[in-house]
Amino acid sequence: MTQTTDLGPEDRKIITLARSARARNGVPEGAAVRDETGRTYVAGTVALESLKLSALRTAVAMAVASGAKSLEAAAVVTGAEVLPDEDRAAVRDLGGPDTPVLLAGPDGELRATVSAG
């Protein structure tokens, strides 16, 4: 397992943003993605009666809606041990199969880095 301190500053930043979104909104997950220009998009879990989206899928949707053409990296802060295939698929659709997805616990410590593919 890679520790958060082993990450570069831009990857630490998206974990911090994801953690902040989770805490600020009181939701199960926070996520952040970084596009090809370095812009970041931050989101929390959406749990409406008519719309349910994970934090990562919401962040990817925000990037697409803002005109992002690709993703450099994604991060999710969650209590879950693994990412659902649908979350990785959303990152893959925009960033490609090699896009790294950082999975961190609620404390912000990196648990795993997986590819979107």
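**Figure 1. Salt bridges in the predicted model.** This predicted model contains six salt bridges in total. Side chains of opposite charge can pair when their charged atoms come close. Three of these pairs get a view of their own in the legends that follow, beginning with R34 and D11.

**Figure 2. R34 and D11 form a salt bridge between a strand and a helix.** Here the closest N and O atoms of R34 and D11 are 3.1 Å apart. The two partners come from distant parts of the chain: R34 belongs to strand β1 (residues 30-35), while D11 sits in helix α1 (residues 9-25), and 23 residues separate them. Are R34 and D11 buried or exposed? Both R34 and D11 are buried. The pair also has company, since E72 joins D11 and R34 in a network of salt bridges.

**Figure 3. R39 reaches D35 through a salt bridge.** The side chains of R39 and D35 meet at 3.0 Å, counted from N to O. Take a look at how much of each partner is covered. D35 has a relative accessibility of 0%, so it counts as buried. R39, in turn, has a relative accessible area of 38% and is therefore partly exposed.

**Figure 4. E81 and R111 pair up across the chain.** In this salt bridge, the closest N and O atoms of E81 and R111 are 3.8 Å apart. Where do the two residues sit? E81 lies in the loop between β5 and α3, R111 lies in strand β7 (residues 110-115), and the two are 30 residues apart, so the pair links distant parts of the chain. E81 is exposed, because its relative accessible area is 60%. R111 counts as partly exposed because its relative accessibility is 24%.

**Figure 5. T78 is a buried residue in a loop.** Find T78 in the loop between β5 (71-77) and α3 (85-95). Why does T78 count as buried? Its relative accessibility is 3%, and a residue is called buried when this value is under 20%. A polar atom of the T78 side chain lies 3.1 Å from the backbone nitrogen of A80. Leaving out residues up to four places away in sequence, T78 touches R22, P28, E29, L103, A104, G105, P106 and R111. You have already met R111 as the salt-bridge partner of E81.

**Figure 6. G30 is a buried glycine in strand β1.** G30 is part of strand β1, and with 0% relative accessibility it counts as buried. Which residues surround G30 once neighbours within four places in sequence are set aside? Its contacts are A18, A21, R22, A43, G44, A55, A75, V76 and V77. For a sense of distance, try T58: it is 28 residues from G30 in sequence, and their C-alpha atoms are 9.6 Å apart in space.

**Figure 7. The whole chain, for orientation.** To place the close-ups, step back to the full chain, which has three helices and seven strands. Starting at the N terminus, the elements run in the order α-β-β-β-β-α-β-α-β-β. The C-alpha atoms fill a box of roughly 40 × 30 × 25 Å along the principal axes. A compact globule of 117 residues would have a radius of gyration near 13 Å, and the chain agrees with its own 13 Å. Of the 117 residues, 42% count as buried. Among contacts between residues at least 6 apart in sequence, 58% join residues at least 24 apart. The chain exposes about 5,800 Å², with carbon and sulfur atoms supplying 53% of that area.

Note on methods:
Residues numbered from 1 in each chain as written. Predicted model: local features only at pLDDT ≥ 70, side-chain atom pairs only at ≥ 80, totals over all residues. Heavy atoms only, no water. Helix = DSSP H or I, 4+ residues; strand = E, 2+ residues; numbered from the N terminus. Buried < 20%, exposed > 50% of the residue type's maximum accessible area, 1.4 Å probe, protein only. Polar contact = N/O pair within 3.5 Å; in protein donor to acceptor, adjacent residues only side chain to side chain. Contact = heavy atoms within 4.5 Å. Salt bridge = Lys/Arg side-chain N within 4 Å of Asp/Glu carboxyl O. Rg over C-alpha atoms; globule rule 2.2 N^0.38 Å. Areas by Shrake-Rupley, 256 points an atom, 1.4 Å probe, with all protein chains shown as cover.
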